[in-house]
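Got a model open and wondering how to read its cavities, contacts and confidence? Let's walk through it together.

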Amino acid sequence: MTSRFSPDCRVLVFRRVVLALCWLPVWALASPARGPGEAAPRERISIDGGWRFHLGDAPGSDWRLSYDVRPKVSGVDDAKAADTEPTAGVAVSDAGARVLKAWILPTGNAFIADPAKRYARPAGDPGARVPYVQAGFDDRSWQRVDLPHDWAIAGPFIEKGPGGGMGRLPTAGIGWYRRKLDIPRADAGRRIFLDVDGAMSYAEVWLNGHLVGGWPYGYASWRVDLTPYVVPGGVNQLAIRLDNPPDSSRWYPGAGLYRNVWLVVTDPVHVAHWGTTVTTPEVSPQRASVALRVAIDNDSSAPAEVSVASSVYPIDGHGVIDGQAVAHLAPASLNVPAHGQASVEGNTVVSHPRLWGPPPGQKPNRYVAVTTVSRDGRVVDRYQTRFGIRAIRFDPNRGLFVNGEHVPIRGVNRHDDLGALGTAFNLRAAQRQLEELQAMGCNALRMSHNPPAPELLELADRMGFLVMDEIFDCWYRQKNPLDFHLIFRDWHEQDLRAMLRRDRNHPSVFLWSVGNEVGEQYTGEAGAAVARELCDIVHQEDPTRPATASMNYAKSNMPFPAALDVISLNYQGEGIRDTPFFAGTKAIHTLPQYGAFHAKFPDKMILSSETASAFSTRGVYLFPVTDQISAPVRDGSGGDSAHQLVSAYGLYAVDFGSSPDKVFRALDQHPYVAGEFVWTGWDYLGEPTPYYSARSSYCGLIDLAGFPKDSYFLYQARWRPDLPMAHILPSWTWPDRVGKITPVHVFTSGDSGELFLNGRSLGRRVKGPFQYRLRWDEVRYEPGVLKVVTYKAGRVWATDEVRTAGAAAKLVVSPDRTVIRDDGRDLSFVTVRVEDARGTLVPDADNPLEFSVTGPGEIVATDNGDPRSFVPFPSHQRPAFNGLCLVIVRSIPGHPGPIVVRASGAGLQDGTATVSAEASAR
């Protein structure tokens, strides 16, 4: 196989066919129905419904069920700056402690390369006498929940004191989930696995009173084998305990079984967990060579002789087979030892392949390989592997190339929460996020700073996003007292290999990141050794993609970057605190670093994994406006600490960050840089810089409710240069500013523009070199109509206008989709606007509003994008924030029909809209 890279080669070339594993969306890969007396070769069954949930341990059993001994914590400062240097980790002896660590560690054995380092399970079943794990326990008083479930998102918010860093929501604590499993008697002799896509955190699993295993890292996807403890045809009581620590994260981590959970039922001889890998040594428009490696597990007590064959089919945008097979891999014989594993590799050619690539220049085409495993003439497994054919080239002088096309990285960072829904994964909510980003021109996502839900990568594959897949926010050194550093030593190999095997074949994933701003940047060669160890694991699991770690401190002359395949810089490219304003301060100071890294590592591609971190509050404009292209937030300069607001002009940033304008200039002055990932695409819960007492961040281009901020349009102007667009700010309703200087800025993909106030020209402006906005900084406010006409190459390009609003008069209700499925998961995101009698948005409206639905639907949550709001998300009452509010509506499962959404407020005309729930296939 020629798909490879060498750290000392000048251009890194990665060609691959990328798989999307058969355990992805259930709607695309339903298990075949069983006939009389017949079992399907492989079944993947959702068990998301019908759980019982309880907060807290059974009396007297708490400490005996802990994974490990934790250090005592006091006086935690979670309001510290995000670029504060991490400190040495804390080691706590568990010698003689009655903890479950020894029983949990063997769950990760399959991901430990050296068999000598794998763990033996001790004898016994700790916790067997705890009432919550026993089938006879009466859990009818527990809360009934369906998964995915985030126990903390409903609140209440912690309004005072510490907790701002983690979103001021009650994530900490112990939670229990119980559910009975229906295991037919016919499944005797088969293998029964529990697959958990994500559980926050320190999960421990019991079945029928037996401790099965677990997994500490809350962002990992993992599997336990239930088979030894299953009673086919009898009662099977599943119990899962989670123990979410306080002071364990720098952002809102969520809590609970917050991703999907599955039962997977197979023959004892079956394709291994995440057991297929597809690569393409050669890709061209004429042909693609396809190599498929299949690992087979034999969980029986006798060797197995099997035949493995595969066929390749095109699939449509929903993952459904679309046509006849385009290639076949000939059957291969394989002997699999008892209680062992063996692998087989095959090759084929796809003629005139439909390549996967990011829009708008390319299309995200995909295929599926259907693998059949037979034994003694009987099919024992059938496994489907989605993939996309594409060629990636990493050019240190020009950036990223996909299928020969230069593709600048126009990316954003993405945290794991879905706003008012918390971390409980919902496919439609995630899709909405990506749709808004794609409309802005975004083509790439950095998963900061943890593996995402599997379905999110499926969406990225389907929509054509490039993905920088990331695993850790810290290694041995800590950022918070109870963060991942406590288990890094024991679990980093298992966690990293698990992510790589789960995700390595998605066409969207183009780069692995093994760490973000880790403390080991500060420790010289010792830290670089850890980076090399993690990068080596990446190379072992996936020799076709490079590995990196994002650096906010390490410089080109330090050992740390030398250990990486790609240089990923957080804020250093454009400089950190490099202006006279910060002279004499003790925090990190860094001059612009692109040139230094390019000179030191001429054979490595450079990208900016975090840029900007520019703050704004949607619809808020504070005066005066800085005449600089980038400024830190301070009272009187973009900030208002008394009201916790930041001006939306897009010129103010965190101290270690920069405005978009400064970032754009740095990128344009260094064209060899592959591109950027903006911090962040959406606001997210927690890390509420610059105002710690808020609930959520200020740095998104889109607010927490999903409403674009002004800066969204600045990026759209840059990232979609062929889209005729213009956007004026600020709003134009300022009764207290008549005659006062009120600067007007225009974001446009044009090259010049003329501004008119009440029909009177205020002059024409032209973008000069390294200028990204048009500014009229001397405008004096008068009510009326402000209009801009923009031009490109001398021709009218686009227009925009804002008007002075009158008194709030009515509510206008607009669903993002008027038809949803009646499956109880599909959502409609309903925008409520406060308008005057003429239909103009009232830009400062904060009217208290109330929401209701009639018909077969329910309100899941509401929001308004205000980072200061402590109204619980499930509330049906919420004030508008700068004229807008959001209502999230869900269907009632199995009940099609019209859902009428109503918004009302005192003195306002009600607004209504209808969303139709249509019957979905079951």
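What follows is a short back-and-forth on reading this model.

Q: What should I know before I start, and what is the mean pLDDT of the protein?
A: This is a predicted model, in which local features need pLDDT of at least 70, side-chain atom pairs count only at pLDDT 80 or more, and totals for chains, interfaces and linings use all residues. Residues are numbered from 1 along each chain as its sequence is written, and side-chain values use heavy atoms, with hydrogens and water left out. As for pLDDT, that's the predictor's confidence in each residue, from 0 to 100. Here the mean is 94, and 95% of the residues reach 70 or more.

Q: Over which residues does pLDDT stay under 50?
A: That's residues 1-37, for which the model has 143 contacts beyond four places in sequence. Contact means heavy atoms within 4.5 Å.

Q: How many cavities of 30 Å³ or more does the structure hold?
A: Idea first: on a 1 Å grid over the protein atoms alone, a cavity is a set of points where a 1.4 Å probe fits but cannot get out, and lining residues have an atom within 4 Å of a point. Grid points are joined across faces, edges and corners, and a volume is the space filled by probe spheres set on the points. This structure holds nine such cavities, and the largest has a volume of about 330 Å³. Its lining has 23 residues, with Y217, Y219, S248, D483 and F484 closest to the centre.

Q: What kinds of residues line the largest cavity?
A: Ala, Val, Leu, Ile, Met, Phe, Trp, Tyr, Cys and Pro count as nonpolar, Asp, Glu, Lys and Arg as charged, and the others, Gly among them, as polar. On that split, the largest cavity gets 13 nonpolar, six polar and four charged.

Q: And what is the volume of the second largest cavity?
A: About 140 Å³. It's lined by 17 residues, and A82, F656, W679, Y684 and E687 lie nearest its centre.

Q: Why does N570 count as buried?
A: Buried means under 20% relative accessible area, exposed over 50%, partly exposed in between (1.4 Å probe, protein chains only). N570 counts as buried because its relative accessibility is 0%.

Q: With which side chain does the side chain of N570 make a polar contact?
A: A polar contact is a pair of N or O atoms within 3.5 Å; within protein, one must be able to donate a hydrogen and the other to accept it, and residues adjacent in sequence count only if both atoms are side-chain atoms. For N570, the partner is the side chain of N516, at 3.1 Å.

Key
1 Å grid on protein atoms, 1.4 Å probe; cavity = no way out; pocket = protein on both sides within 12 Å on 5 of 7 lines; lining within 4 Å.
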